[in-house]
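Biologist: I am new to this structure. Please take me through the largest pocket and what lies around it.

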Amino acid sequence: MADAVVLDGVLTRLVPTTEDDLDLLAAWFASPGFVEHWDGVPKTRDEVAEKYIGRRRPRVESFLVLARGTPVGYAQYWHAGAAEGGIDMVLVPEARGRGLGPDAARALLAHLGGNLGWRRVTVDPERGNVRAVRAWEKAGFREVSGEGENLLMELSFSGSR
């Protein structure tokens, strides 16, 4: 794994996904409540295996989000250039509204801006997913475009290398 690092937040820990996580992630991504704002379409086990357990590294880095050692969500970041890219994240419904999303996002951002030297990161939550929009704002993102179903939000790092 090119970037197999564990990322620690205050409330969360992000650990790289592996083949061992396939059963858990396949169950999550098959659940309508989990994917309601992630395309809204449940994913097959084969889709999950292809996209979410680390097989796309190093272009896409995939993580389990843990809270007190318990898996509560999935996060990924993807490269869109030498010093920029995007983040996607989804938490299980029972983990939402507890500050875990912004905390995990800040851990990812510390890695992307601090360790990898990224200058810009984007996210694109659904406009109607008010909880997610607020969570991204708490992590430092600001809306830059609001056309269509999704908002484009970005965070630019100052002083990036």
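Modeller: Here is the pocket, followed by the core and two of the residues in that region. Keep in mind that this is a predicted model.

Start with the pocket. The largest one has a volume of about 800 Å³. Its lining is made up of 35 residues. Nearest its centre lie Met89, Val90, Asn129, Ala132 and Trp136. Three elements give two or more residues to this lining: strand E5 (84–91), helix H4 (100–115) and helix H5 (130–138). H5 gives the most, with 6 residues. By type, the lining has 15 nonpolar, 13 charged and 7 polar residues.

Now the core. The largest nonpolar core holds 48 residues. Those that touch the most other members are Leu14, Leu25, Phe29, Ile87, Trp136 and Phe141. H4 supplies the largest share of this core, 7 residues. Trp136 thus appears twice: among the residues nearest the pocket centre and in the core list.

Next, Ile87. Setting aside residues up to four places away in sequence, Ile87 touches Trp136 and Phe141. Its other partners include Leu108, Leu109 and Leu112, as well as Val121, Thr122 and Val123. Gln76, Tyr77 and Trp78 are also touched by Ile87.

Follow that link to Gln76, which lies in strand E4 (residues 70–81). Is Gln76 buried or exposed? Gln76 counts as buried because its relative accessible area is 7%, and the cut-off is under 20%. Its side chain makes a polar contact of 3.1 Å with the side chain of Arg56. Beyond its neighbours within four places in sequence, Gln76 is in contact with residues including Trp38, Lys51, Tyr52, Glu61 and Asp88.

Terms used
Residues numbered from 1 in each chain as written. Predicted model: local features only at pLDDT ≥ 70, side-chain atom pairs only at ≥ 80, totals over all residues. Heavy atoms only, no water. 1 Å grid on protein atoms, 1.4 Å probe; cavity = no way out; pocket = protein on both sides within 12 Å on 5 of 7 lines; lining within 4 Å. Points joined across faces, edges and corners; volume = space filled by probe spheres on them. Helix = DSSP H or I, 4+ residues; strand = E, 2+ residues; numbered from the N terminus. Nonpolar A, V, L, I, M, F, W, Y, C, P; charged D, E, K, R; others polar. Core = buried A, V, L, I, M, F, W, Y, C linked by side-chain atoms within 4.5 Å. Buried < 20%, exposed > 50% of the residue type's maximum accessible area, 1.4 Å probe, protein only. Contact = heavy atoms within 4.5 Å. Polar contact = N/O pair within 3.5 Å; in protein donor to acceptor, adjacent residues only side chain to side chain.
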